[in-house]
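Subject: The structure I promised you

Hi,

Here is the structure we talked about, with its sequence. Have a look at it first, then read on for what I found.

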Amino acid sequence: MSTSYRSTRSSEQSTKTFEEAVIQGLATDGGLFIPSEIPTIDQKIIERWSKLSFQDLAFEIMKLYISDKEIPDSDLKELIKRSYSTFRSEDVTPLAKNVTGEHENLHVLELFHGPTYAFKDVALQFVGNLFEYFLQRANKDLPQEQRKKITVVGATSGDTGSAAIYGLRGKKDVAVFILYPTGRISPIQEEQMTTVGDKNVQTLSVKGTFDNCQDIVKAIFGDKEFNERHNVGAVNSINWARILAQMTYYFYAYFQAVGASGKVKFVVPSGNFGDILAGYYAKKMGLSVEKLVIATNENDILDRFLKSGVYERSDDVAATLSPAMDILISSNFERLLWYLARDTLANGNDLEAGKIVREWFTELKADGKFVVDSAVIQTALKDFESERVSNSETTSTIKEVYATSKSPKNYILDPHTAVGVCATKRQILKDNDSSINYISLSTAHPAKFADAVNEALSSFPEYSFEKDVLPAELKKLSTLEKKIKLVDRADIELVKSIIDEEMQKMGL
Ligand SMILES: Cc1ncc(COP(=O)(O)O)c(C=O)c1O
Ligand SMILES: N[C@@H](CCOP(=O)(O)O)C(=O)O
């Protein structure tokens, strides 16, 4: 078990509890919280876990990271049950086997059956309930003026925002502010976020990129006075609870594909590196994964890093067909860098690893880049591979799968999933090993990305977006009133003053 947490930038022994790490979100030194140790499991446990339901498996995994003194088992079970009761699939994250019709060993892990039709729901339904649980406990019997409150401030390139809003809408003592880049998310994503009428939710449409929004959010966490005044909370994957909740589907999908043992590669469309990082923890815990494949779009900082060892900041983000991955600074990559530093340059010393990561990020801030030793890359390559997928390959993958899929017929991928499936097909060709099962993560429902899907499929005479893709629930969003606050500069002071003002209106 590992129920205490340390910062990726700390060279001290001190740790936090699970509740402190989740409520605080980001460490005060700017680092991300990681468990003091990664708990490991043996094959006997794997055999037992392979027969569990999604919910029971989630409980077994989370129990290894949360002390029952912090959350008693019965409460944790209840939190998990409630979080996944909102999903449209009994399996929560079902595995669609051999869906492309071309490769029997290519499976698509459908992570989009939650309330907002994206993989973020798997973690954010749980995180929303977790915030509520901690607040209710802290505020029990307290008069109104003494109640503890959380002001969630998050950045989104489209999906985290709506999943966070749906996870936290109407929750007592929580205010939610979500920043998104103006014009860089899909119309449905914007409708999902801005049509929620609850008083505790406000979206901020910021003139800039997702990286600008994420920088502002991180700067807000670093602003001691503002943070203390508002008790700022994180819903982005900088929050450890997001990563923890995402681990379940790696185990569950593995068991669905091959049972308790077998060769599996996971291919993960990646941007902020939160999704694939959960797979890394699953692998380090003992799930026998061959490799985790990072699939990027044309914003390929992760692919370039693995090939060159250079981690370089750039403001030149490309607007692609998979906009939720238009990210150049992947915040969760820092967590992986800590493990790589510890296992190479720091000779297994945690405190030294914190120092190295701090130095890398100081360099990144000062010079716009840092370069790591080849030993660091060699260590990363033991667990990861990477593939970069272009816009035209994204379109042709959506087309091909639609044309070749047999069961179900005319299977439709969203563009992020298509990035993953294209990378998976390349891997199958390269590996030429039919004993490997490939699990390609499907991170969103195609209805969220009408333009990309229509561009790929409108030449098929029988295809209709309205009929074949758009769920009624999303269709009706366009008829609802929108609540948008425009922020015409990506500027932290401006965002802080808007939050202050809106908090007054919310009466929180
Ligand atoms: C649909 C979709 N796919 C993939 C990703 C990338 O996931 P991550 O940022 O965890 O790497 C995102 C956003 O994060 C997304 O919304
Ligand atoms: N693609 C994400 C970007 C934010 O990433 P997160 O996983 O750190 O919340 C989005 O859709 O908002």
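Let's start with one residue, Lys120, which sits in helix α5 (residues 120-139). Bear in mind throughout that this is a predicted model. An unreviewed UniProt entry annotates Lys120 as "modified residue: N6-(pyridoxal phosphate)lysine". Is Lys120 buried or exposed? A residue is called buried when 20 or more other C-beta atoms lie within 10 Å of its own. Lys120 has 33 such neighbours, so it counts as buried. Leaving aside residues up to four places away in sequence, Lys120 touches Asp159, Thr160 and Ala163.

Keep Asp159 in mind, as it comes up again with the ligands. Ligand 1 is surrounded by 16 residues, and Asp159, Asn272, Gly274, Ala324 and Thr443 are the closest. That shell is made up of 6 nonpolar, 8 polar and 2 charged residues. Ligand 2 has 13 residues around it, of which Thr156, Asp159, Thr160, Asn236 and Ser237 come nearest. Which element gives the most to the shell around ligand 2? It is helix α6 (residues 159-168), with 3 residues. Here the split is 1 nonpolar, 11 polar and 1 charged.

Now zoom out a bit. The same kind of record, an unreviewed UniProt entry, marks residues 93-346 as "domain: Tryptophan synthase beta chain-like PALP". This span is 43% helix and 19% strand, and its end C-alpha atoms are 38 Å apart.

Zoom out once more and you have the whole protein chain, with 21 helices and 16 strands. Its radius of gyration is 22 Å, close to the 23 Å that the globule rule gives for 508 residues, so the chain is as compact as a globular protein of that length. If you want a box to picture, the C-alpha atoms fill one of roughly 60 × 60 × 50 Å along the principal axes. Of the 508 residues, 51% count as buried. Among contacts with a separation of 6 or more, 76% are between residues 24 or more positions apart.

Next, a few elements that belong together. Strand β11 (residues 289-296) and β14 run parallel and are joined by 5 bridges. In this pairing, Val293 stands opposite Glu385 in β14. Strand β14 (residues 384-388) is mostly covered, with 4 of its 5 residues buried. Both strands also turn up around helix α12 (residues 301-308), as the cover over its buried residues includes β11, β12 (310-312), α13 (333-343) and β14. Which residues of α12 are buried? They are Ile301, Leu302, Asp303 and Phe305. Right after α12 comes Gly309, with a positive phi near 80°.

Last stop: a sheet of 3 strands. It is open, has the order β2-β1-β3, and its pairing is antiparallel. Why do β2 (16-17) and β3 (33-35) each have one side without a neighbour in the sheet? They stand at the edges, and each has a single partner strand, so one side is left free of neighbours there. Strand β1 (residues 4-7) pairs with β3 over 3 bridges, and Arg6 stands opposite Ile34 in β3.

When you open the model, I'd begin at Lys120 in helix α5 and go from there to ligand 1 and its 16 surrounding residues.

Cheers

Terms used:
Residues numbered from 1 in each chain as written. Chains lettered and ligands numbered in written order. Predicted model: local features only at pLDDT ≥ 70, side-chain atom pairs only at ≥ 80, totals over all residues. UniProt positions renumbered as here; feature names shortened; annotations may be inferred. Helix = DSSP H or I, 4+ residues; strand = E, 2+ residues; numbered from the N terminus. Buried ≥ 20, exposed ≤ 12 C-beta atoms within 10 Å, placed from the backbone. Contact = placed C-beta atoms within 7 Å. Near = placed C-beta within 6 Å. Nonpolar A, V, L, I, M, F, W, Y, C, P; charged D, E, K, R; others polar. Pairing = 2+ DSSP bridges. Rg over C-alpha atoms; globule rule 2.2 N^0.38 Å.
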